[in-house]
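I sat down with this model to look up a few things and keep short notes. The entries follow in the order I made them.

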Amino acid sequence: MQLLDFTTLDTGQLALVLKWRNHPKIRKWMLRDNEISMEEHLCFIQSLKKRPDKRYFLVQKSHDYLGVVDLTDITATGAELGIYANPDLHGVGKLLMSALIDYARETLKLTHLIANVFADNEKAKDLYQKFDFVETHRTAYNGREMITLERTL
């Protein structure tokens, strides 16, 4: 499995990631659920070049692009994670999560991860629980309930 850094993606890969991010099945679970323009997307990618506290990757296995994983608010010991699968594939969540955890532990040497998920996102909650994430608290975000989960690496 390969983690392709967003800052090194070619034009086709960048367009694919944007298409996924704007897909209704993905967008409804994002903090910002608006459609993103290509201009906004490219500005975001450029900003990542100057942000050592953020890492975004397109995950590739063989010739297939499985999804996107990211780490934000990276510190010496932890980070918040994000993950979404290619909307045309099913059953790749475990592969994406494994790749992200391996990168966090082996490359960044992190000791804990944090995930925030909307309370009604059953699929994501199930995935986090399978990887031993434990709920630490709940808050409200734009009128929706948000669950924070944590995991020691």
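**Entry: the hairpin**

How many residues lie between E6 and E7 in their hairpin, and which turn residue has a positive phi? I looked at the turn. E6 and E7 form a hairpin with 2 residues between them. Asn142 sits in that turn and has a positive phi of about 50°. I note here that this is a predicted model. I then followed the two strands. They pair in the antiparallel sense over 7 bridges. I picked out one pair: Thr139 has Met146 in E7 as its bridge partner.

**Entry: the whole chain**

Next I stepped back to the overall layout. I find 5 helices and 7 strands in the chain. Along the sequence the pattern reads β-α-α-α-β-β-β-α-β-α-β-β. The C-alpha atoms fill a box of roughly 40 × 35 × 30 Å along the principal axes. I checked the radius of gyration against the expectation for a compact globule. For 153 residues that expectation is near 15 Å, and the chain has 15 Å, so the two agree. I also looked at burial: 42% of the 153 residues count as buried. Then I turned to contacts between residues at least 6 apart in sequence. Of these, 56% join residues at least 24 apart.

**Entry: the sheet**

In what order do the strands lie in the sheet? I read the order as E1-E2-E3-E4-E5-E7-E6, with 7 strands in an open sheet and mixed pairing. Strand E1 (2-5) and strand E6 (134-141) are the edges, and each pairs on one side only. From one strand to the next, the twist averages 30°.

I took a closer look at E2 and E3. Strand E2 covers residues 55-61 and strand E3 covers residues 64-72. They run antiparallel and are joined by 7 bridges. Gln60 stands opposite Tyr65 in E3. Helix H4 (residues 93-107) packs on the sheet. H4 touches E1, E2, E3, strand E4 (78-85), strand E5 (112-118) and strand E7 (144-152). The direction of H4 makes about 45° with that of E3.

I stayed in strand E3 for one residue, Thr72. Thr72 counts as buried because its relative accessible area is 13%. Leaving aside neighbours within four places in sequence, Thr72 is in contact with Asp53, Lys54, Tyr56, Ala79 and Glu80.

**Entry: Arg21, a buried charge**

What is the nearest side chain of opposite charge to Arg21, and how far away is it? I started from helix H1 (residues 11-22), where Arg21 is placed. Arg21 is buried yet has no salt bridge. The nearest side chain of opposite charge is Asp33, 7.1 Å away. The cut-off for a salt bridge is 4 Å, nitrogen to carboxyl oxygen.

I looked up Asp33 as well. Asp33 is in the loop between helix H2 (24-27) and helix H3 (38-48). Its relative accessibility is 47%, so Asp33 counts as partly exposed. Asp33 and Arg21 are 12 residues apart in sequence, and their C-alpha atoms are 9.3 Å apart. I then listed what surrounds Arg21 beyond its neighbours within four places in sequence. The contacts are Ile26, Arg27, Met30, Arg32, Asn34, Ile36 and Tyr84.

**Entry: salt bridges**

I count 9 salt bridges. I went through some of them.

- Asp53, which is one of the contacts of Thr72, meets Arg51 in a salt bridge at 2.7 Å, N to O. Asp53 is buried at 18% relative accessibility. Arg51 is partly exposed at 34%.
- Glu122 and Lys125 meet at 3.2 Å, N to O. Both are in helix H5 (residues 122-130), and they are separated by about one helical turn because they are 3 residues apart. Glu122 is partly exposed at 45%, whereas Lys125 is buried at 15%.
- Glu106 and Arg105 meet at 3.5 Å, N to O. Glu106 is partly exposed at 48%, and Arg105 is partly exposed at 30%.

Which residues are linked in a network of salt bridges? I find Asp102, Arg105 and Glu106 linked that way.

Technical notes: Residues numbered from 1 in each chain as written. Predicted model: local features only at pLDDT ≥ 70, side-chain atom pairs only at ≥ 80, totals over all residues. Heavy atoms only, no water. Pairing = 2+ DSSP bridges. Helix = DSSP H or I, 4+ residues; strand = E, 2+ residues; numbered from the N terminus. Axes fitted to C-alpha atoms, helices over the stretch in contact; angles between N-to-C directions. Contact = heavy atoms within 4.5 Å. Buried < 20%, exposed > 50% of the residue type's maximum accessible area, 1.4 Å probe, protein only. Lys, Arg positive; Asp, Glu negative; His and termini not counted. Rg over C-alpha atoms; globule rule 2.2 N^0.38 Å.
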